[in-house]
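Visitor: I am new to this structure. Could you show it to me and explain the words used for its parts?

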Amino acid sequence: MDSTKRCAACAMELRDEATRCPHCRAVQPGAVMHRGGEGRKLLGVCLALSRHFGLDVALVRVAFVILLAVFGGTPLMVYLLLWAFTPPSAIGKAPIQRVVDWMVGPAEGSGEPKVERRV
Ligand SMILES: [Zn+2]
């Protein structure tokens with residue numbers, strides 16, 4: 001798949017998975033922060049962040065390592081939280097969403113909305 005789309009702000013051609021325009025830096029509507037794609041190292045959180053904010057992934061990783069060194073465990077918690085709330089791909093479900101689905105029950109999951117029956 002090598003599809004492209006147009007920037008919502010400046011109409012430049014973008015890669016379909018782009019969440020932010022490299023030309024005018026406008027965030028694309030409907031862009032979901034996700035961890036999919038190339039260049040993923042650990043859980044893909046740094047990659048998702050870098051793409052979401054239009055930053056270099058190496059910069060985000062260095063910043064994260066510095067935060068770890070300065071603040072200890074707190075950035076690690078943030079990292080895991082971000083992981084839990086970020087889907088693995090643009091169409092995937094976040095880990096936390098999967099847990100919620102699992103708790104709600106197997107009746108859901110087919111994708112159809114729950115219909116409450118009225119008496
Ligand atoms: Zn643009």
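Guide: What follows is a short talk about helix packing, burial and one loop residue. Keep in mind that this is a predicted model.

Visitor: Why are α1 and α2 called oblique to each other?

Guide: Look at the angle. Helix α1, residues 45–53, packs with helix α2, residues 57–71, at about 125°. Roughly perpendicular ends at 115, and roughly antiparallel needs over 145. The angle of about 125° fits neither class, so α1 and α2 are oblique. Their axes lie 8 Å apart. The crossing is right-handed.

Visitor: Which residues make the contact between α1 and α2?

Guide: From α1 come C46, L47, L49 and S50. From α2 come V57, V60, R61 and F64. By class, this contact has 6 nonpolar, 1 polar and 1 charged residues.

Visitor: What does C46 touch?

Guide: Leave out residues up to four places away in sequence, and C46 touches K41, V57, V60, R61 and F64.

Visitor: Which residues of α1 are buried, and what covers them?

Guide: The buried ones are V45, C46, L47, A48, L49 and R51. To be called buried, a residue needs 20 or more other C-beta atoms within 10 Å of its own. The cover includes α2 and α3, the latter spanning 74–85.

Visitor: What makes up the largest nonpolar core?

Guide: It has 5 residues: V45, C46, L47, A48 and L49. In soluble globular proteins, nonpolar side chains tend to be buried together.

Visitor: What happens just after α1?

Guide: There, G54 takes a positive phi of about 70°.

Visitor: What makes α2 oblique to α3?

Guide: The same test applies. α2 and α3 pack at about 135°, with their axes 7 Å apart. Over 145 would count as roughly antiparallel, and 65 to 115 as roughly perpendicular. The angle of about 135° is in neither range, so α2 is oblique to α3.

Visitor: Which residues meet there?

Guide: F64, L67, L68 and F71 in α2 meet T74, P75 and L76 in α3. The contact of α2 with α3 divides into 6 nonpolar, 1 polar and no charged residues.

Visitor: Where is A11, and is A11 buried or exposed?

Guide: A11 sits in the loop between β1 (4–6) and β2 (13–15). A11 has 11 C-beta neighbours inside 10 Å. The cut-off for exposed is 12 or fewer. Therefore A11 counts as exposed. A11 also has a positive phi of about 65°, although it is not a glycine.

Terms used: Residues are numbered from 1 along each chain as its sequence is written. This is a predicted model: local features need pLDDT of at least 70, side-chain atom pairs count only at pLDDT 80 or more; totals for chains, interfaces and linings use all residues. Axes are lines fitted to C-alpha atoms, for helices over the stretch in contact, and angles run from 0 to 180 degrees between N-to-C directions. Helices (H or I, at least four residues) and strands (E, at least two) are DSSP runs, numbered from the N terminus. Angles under 35 degrees count as roughly parallel, over 145 as roughly antiparallel, 65 to 115 as roughly perpendicular and the rest as oblique. A crossing is left-handed if the near helix is turned anticlockwise from the far one by less than a right angle, and right-handed if clockwise. Two residues are in contact if their C-beta atoms, placed from the backbone, lie within 7 Å. Ala, Val, Leu, Ile, Met, Phe, Trp, Tyr, Cys and Pro count as nonpolar, Asp, Glu, Lys and Arg as charged, and the others, Gly among them, as polar. A nonpolar core is a set of buried Ala, Val, Leu, Ile, Met, Phe, Trp, Tyr and Cys residues joined through C-beta atoms within 7 Å.
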